[in-house]
Amino acid sequence: MREAGTERLRDRLNRYWRVVATALCFAVFGMGGLVVRCVVYPVLMLGVRNPQRRMALSQDLIHHSFKWFVALMATVGVLTYELHGREKLKRRGLLVLANHPSLIDVVFLISFVRHANCIVKEKLVRNPFTSGPIRAAGFITNDGGAQLLDDCIATLASGNNLVIFPEGTRTPLDGVVRLQRGAANVAVRGRIDVTPVHIHSSLPMLPKGIPWWQVPARRPHFTISVGDDIDISRFCATTSDALAARHLTEHLSQSLFLEPSRAVA
């Protein structure tokens, strides 16, 4: 009985600590964004004249910063993680499509992928904590304009890797997934193979609809699995681009949201 009571106390203290540690991580992330906006970005604007070179340096800085941030979260006990298929991400011009169970999915992926671009919400460009890194790295803004698709194809053609969440937002707690066709349209229009990534968390961690301080009962473990490339030509060979995008979206709804061992090949 005493041992059970001691274990419950230990679990409770661990949970309290993870609330504090999560708050610390958010604070560090926000301060890092301000430093980039107020210090790093002005230095790059003044010291690096070539826009492409400036963008590449900014992307590299964000990649290494996110890599350090993931290590921080693991070190202070917020989470643990494992990555399968890392070697598949060491290429250029990848269209990385992933499911989106957690707020930190993009941090994970950009920490693993160099030369990464991504689509961000317009409101983040106005956020003082995130606008600096977004502007410096040349991330694509999802402002609903017709230019969005062309911008995605152009960044891939330039050798950048593009990270997209086809859901457009985090997976809701009810698990009902509704994919948008924008990501499939990029693949079909650009004739670009898809690199699928499945993200699984053992317990909900920063999901949609749950405030950050409601941490799970135990430390969650993230498993990130990079699948084999999806050959886009199999969808485009005998049909229109619109129908090919529809079929690819249907395929992604299975390959991204089933466990890797059960996903459709």
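**Exercise 1. Packing of helix α7**

Task: In this predicted model, find which residues of helix α7 (residues 182–190) are buried and which elements the buried residues pack against.

Solution:
- Step 1. Go through the helix and pick out the buried positions: A183, A184, V186, A187 and V188.
- Step 2. Look for their partners. The buried residues of α7 pack against three strands and three helices by name: β2, β5 and β6, together with α6 (147–157), α8 (233–236) and α9 (241–255).
- Step 3. Check the end of the helix. Just after α7 comes R191, with a positive phi of about 50°.

**Exercise 2. Strand β5 and its neighbours**

Task: Determine which residues cover the two faces of strand β5 (residues 161–164), and how many bridges join β3 to β5.

Solution:
- Step 1. Sort the side chains by face. N161 and V163 lie on one side, L162 and I164 on the other, and all are buried. Both faces of β5 are thus covered.
- Step 2. Take the pairing with β2 (residues 95–98). The sense is parallel, over 3 bridges, and L97 stands opposite I164.
- Step 3. Take the pairing with β3. β3 and β5 run parallel and are joined by 3 bridges; here A116 stands opposite N161.

**Exercise 3. Positive phi outside glycine**

Task: H115 has a positive phi although it is not a glycine. Where does H115 lie, and is H115 buried or partly exposed? Repeat for L206.

Solution:
- Step 1. Recall the background: most residues other than glycine have a negative phi.
- Step 2. Place H115. Its phi is about 55°, and it sits in the loop between α3 (105–112) and β3 (116–121). H115 counts as partly exposed because its relative accessibility is 23%.
- Step 3. Place L206. Its phi is also positive, about 55°, and its loop runs between β6 (194–201) and β7 (221–226). With a relative accessible area of 9%, L206 is buried.

**Exercise 4. The nonpolar cores**

Task: Identify how many residues the largest nonpolar core has and which helix gives the most to this core.

Solution:
- Step 1. Size the core: it has 39 residues, and those with the most contacts inside it are M73, V78, F108, F139, V197, F222 and I224.
- Step 2. Trace the contributors. At least two residues each come from α1 (2–47), α2 (51–75), β2, α3, β3, α5 (131–137), β6 and β7. Helix α2 gives the most, with 6 residues.
- Step 3. Note the second core, which lies apart from this one and has 26 residues, including L162, V188, A245 and F257.
- Step 4. Inspect V78. Leaving out residues up to four places away in sequence, V78 touches R18, A21, T22, C25, M73, M205, R219 and P220.

**Exercise 5. Aromatic pairs**

Task: The whole structure holds 8 aromatic pairs. Classify the F29 and F69 pair and the Y81 and F112 pair.

Solution:
- Step 1. For F29 and F69, the ring centres are 5.3 Å apart and the planes are at 65°, so the pair is edge-to-face. F29 is in helix α1 and F69 in helix α2, 40 residues apart.
- Step 2. Compare burial: F29 is partly exposed at 29%, whereas F69 is buried at 7%.
- Step 3. For Y81 and F112, the distance is 6.1 Å centre to centre with 40° between the planes, a tilted pair. Y81 belongs to strand β1 (residues 80–84) and F112 to helix α3, 31 residues apart.
- Step 4. Burial again: Y81 is partly exposed at 31%, and F112 is buried at 10%.
- Step 5. Extend the view: ring pairs link Y81, F108, F112 and F222 into a cluster.

How values were computed
Residues are numbered from 1 along each chain as its sequence is written. This is a predicted model: local features need pLDDT of at least 70, side-chain atom pairs count only at pLDDT 80 or more; totals for chains, interfaces and linings use all residues. Side-chain values use heavy atoms; hydrogens and water are left out. Helices (H or I, at least four residues) and strands (E, at least two) are DSSP runs, numbered from the N terminus. Buried means under 20% relative accessible area, exposed over 50%, partly exposed in between (1.4 Å probe, protein chains only). Two strands pair if DSSP finds at least two bridges between them. Contact means heavy atoms within 4.5 Å. A nonpolar core is a set of buried Ala, Val, Leu, Ile, Met, Phe, Trp, Tyr and Cys residues joined through side-chain atoms within 4.5 Å. Rings of Phe, Tyr and Trp (its six-membered ring) pair if their centres lie within 6.5 Å; planes under 30 degrees apart count as stacked, over 60 as edge-to-face and the rest as tilted.
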